[in-house]
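Let's take a walk through this structure together. Keep the sequence and the 3D view open while you read.

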Amino acid sequence: MKKFMCLALALIVFVGFSFGITITMMTPLTGADGAYMDEIVAKFNATHPGIEVVHVVVESSLDMKNKLSMGIASKTAPEIMFIRKFDMPLYLQHFKGFTPEEWLNNYGIDVNDIFPGVLEGLVIDGKVVGIPLDIWIFYMAYNKANFAKVGLDPENPPKTRDEFIAAMEALIPITPAGLTPYYENPAWTWIWFHLLWQHGGDLLTDDFKKPAFAKAGIEACKLMLMMQEKGILPMQVADPGVSFQSGDSSVLITGIWTIQPWMQQLGKDFGYAVSPQLGTTKAVFGGSHVLAMPKVMVEDPKVLQAATTFIKYLWDNAIDWYAAGQTPARISIAESQELKEKLPHIYVVSQESEYVKQFQMFPLISEIEAEIAVYLDEILVLHSISPEEGMKEAEFAVQEILDDYWSRVK
Amino acid sequence: MRQSQSKSCKRFRREVVSWLFLLPHLVFFVLFVAVPLVFGMVISFFNWSLLNDNVFVGASNYIRTWNDSRFWPVVQNTVIFAIVSVPLTIIVAILFAHILNKKRFGQLWLLIAFVSPAFFGSVGILSSWKWIFASFPSGLANYYLNKAGFINAAVSWFGSTGVAWGVIILVTIWWIVGFSILLYMGALQRIPPEQYESAKLDGAGPWKRFLYITLPWIRSVLFFDVVRQVILAFGLFDQAYILSAGGPAGTTRTMVYYLYLVGFERQDFGRAASISWYIFAIVLIFAIIQLVLVTKSIRSTEG
């Protein structure tokens, strides 16, 4: 019996050591992009016998933030977070930071290769707390067949405001009743942000103490109301995907993550281009997935080494990830011949990356966005108030959130 | 002496046995109701966060909620929802209980159809309804209403306040009415048929029979159901969260929806706890009003 017990113990110890270090990575990748990440993780695990990466998926930002908060508090968080950048501000002090030199010297990661706009907000006290891997940039998806039907050049989509409005007006006659050529939910806040930035505005002042969106926000709303009046954009809430997929609507300005499925579903009729400039400023909406390590989970140098080995692997093999429908966060990849040859559609859209604008890194940014959505609904869906009134009320509501936040944070 | 000793021993054993029977419920009650209740009260006086130190702030969370311009509109939304949906649910339940109480072909299937939604989880049911009320032309409701000639273009069901509330109330009634139907069916079956027969002979019409026979017989069940429905109405969350996401323009946000936003989106747990005590106070006020009204009506009937 004693011998048997010893043998069992030895077996357990052996099995325990043979697996090496297990690293958990939490991502929000529930769609087809999750399969791409699974494949990358499998390749890494196959080539790194001492490290096993486990990919855990949590879709909603809210769930992810709650799990991360709980995990940090109880020291049970994942070692690596593959987190949306706008979900990070609450945790900036809780992620492991490195100086740019430390990243480069210790792990071979050159943060100067990342688009500056994408790295913005991730440097805390001179230390980089997260590595952006991609940009989910806005682009224009359009139906080439519909363009051809009304005499528009399918290979030369609109680039400016005037060209865009003219093209949409030309598409109205072939658009079924009840739909519009650009069939998008007018109250989708990300479109409003895209236009806000294209009109030279931003959400908050640099110190996050006051709202700063009214002027450009009014212009963005006016542009959308004008498109609604002309029958280019719907008057009410719309579910855009189905109509675009069926070819009933012709254009969407949307996230790069849709490019892969549209290409497959629409085939040769699918066209893609950079977002047209509808405002006065060259800017384009974009988010990023950022790789970050909760401090409390990488205190052990071996775990830190294993986690950064995987981050470096993703850094080196990022092009496999962009096939899922993301544009590069690294300048050298965005400009590379390899990307142009392997993923020409991603290459085309990523040429706008230097103009990417992202959400400011304020902890209550999602709540502020939700509050602005209330007034966008009133202006663009209910049509119950003017853009001027709506933006004034939105600023008042946002100021209340800011005051409440700063009264708690000293 | 020995006899009294054995008596007290028996009594003690009986006491222990009754406590043992109570124990499973008591443990869960203490763990999942009493402790969280006390804990909720405690954290409502703190600036409570999972990530930073918790700081005692006295009644500050309650004052912030009181002064919050976004809180009172959601209270108003919830009260209006309760005022509209509770009577509607009860009327529909009594109506269908009446119909199902009469023996007819396929009665069991009808009963299953009405009652079964009450036993399904919210996410599955509400996702299906969201698909039915999708705003694109091929959404189920839009497609068939268009085919039948009732609408010309796709309707955005959650694009205007009135329609959004209409859909939420419709789905809520469909979802929860089943259990009430069961309650009223049980109550209706206890009414002696002779009372209806003699009332008929005396010339009482259907409305008078309902008012003077049915209603007094089902009053106790009705009271229980009203209290249950009011508590459910004040806890409205899933429908507003999944179907309308609180829109348009925040007009379908409810008290619990707001609590969820503050607690989980902002991760301001102290403030969320203070909101939950406000909700408790509001529900309590309504429960007391109901209690007074029902007691009055019982006394007046007895008098």
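## Two chains, side by side

With 410 residues, chain A would be expected, as a compact globule, to have a radius of gyration near 22 Å, and its 24 Å agrees with that. (The radius of gyration is taken over C-alpha atoms, and the globule rule is 2.2 Å times the number of residues to the power 0.38.) Before going further: this is a predicted model, where local features need pLDDT of at least 70, side-chain atom pairs count only at pLDDT 80 or more, and totals for chains, interfaces and linings use all residues. Residues are numbered from 1 along each chain as its sequence is written, while chains are lettered from A and ligands numbered from 1 in the order in which they are written.

Now for chain B: a compact globule of 303 residues would have a radius of gyration near 19 Å, but chain B has 25 Å. Here are the two chains in one table. Helices (H or I, at least four residues) and strands (E, at least two) are DSSP runs, numbered from the N terminus. A residue is buried if 20 or more other C-beta atoms lie within 10 Å of its own, exposed if 12 or fewer, and partly exposed in between, with C-beta atoms placed from the backbone.

| Chain | Helices and strands | Box along principal axes | Buried residues |
|---|---|---|---|
| Chain A | 18 helices, 13 strands | roughly 85 × 55 × 45 Å | 46% of 410 residues |
| Chain B | twelve helices, two strands | about 80 × 60 × 40 Å | 28% of 303 residues |

Contacts tell you about the fold too. Two residues are in contact if their C-beta atoms, placed from the backbone, lie within 7 Å. Among contacts in chain A between residues at least 6 apart in sequence, 76% join residues at least 24 apart. In chain B, 68% of the contacts with a separation of 6 or more are between residues 24 or more positions apart.

## A helix with two sides

Zoom in on helix H2 of chain A, residues 32-47. How far apart should its ends be? At 1.5 Å a residue, its 16 residues should span 22 Å, and the end C-alpha atoms are 24 Å apart, which agrees. (The expected span is 1.5 Å times one less than the number of residues.)

Which residues of H2(A) are buried? They are A:Asp33, A:Met37, A:Ile40 and A:Val41. These residues sit on the same side of H2(A), because they cover an arc of only 100 degrees around the axis. (The arc is that of the directions from the helix axis to the C-beta atoms.) An α-helix has 3.6 residues a turn, so residues three or four places apart point the same way. The cover over the buried residues of H2(A) includes strands E1 (21-27) and E2 (51-57) and helices H12 (301-316) and H13 (318-322) of chain A. Turn to the other side of H2(A), and you find A:Ala35, A:Ala42 and A:Ala46 exposed.

## Along chain B

Read from start to end, chain B goes α-β-β-α-α-α-α-α-α-α-α-α-α-α. In an unreviewed entry, UniProt lists residues 21-46, 74-96, 108-129, 163-185 and 275-294 of chain B as "transmembrane region". UniProt positions are given in the numbering used here, feature names are shortened, and annotations may be inferred rather than shown by experiment. In the model, residues 21-46 of chain B are 88% helix and 4% strand, with end C-alpha atoms 38 Å apart. Residues 163-185 of chain B are 100% helix and 0% strand, and their end C-alpha atoms lie 32 Å apart.

Next, find B:Thr254 in the loop between helix H10 (238-244) and helix H11 (255-265) of chain B. B:Thr254 is buried, because 26 other C-beta atoms lie within 10 Å. Leaving out residues up to four places away in sequence, B:Thr254 touches several others, including B:Val74, B:Phe81 and B:Leu236.

## Two loops and a meeting place

A:Lys75 has a phi near 55 degrees, a positive value in a residue other than glycine. Is A:Lys75 buried or exposed? With 10 C-beta neighbours inside 10 Å, A:Lys75 counts as exposed. B:Gln267 also has a phi near 55 degrees, but B:Gln267 is buried, with 20 other C-beta atoms within 10 Å.

Finally, the chains meet through 27 residues from chain A and 24 residues from chain B.
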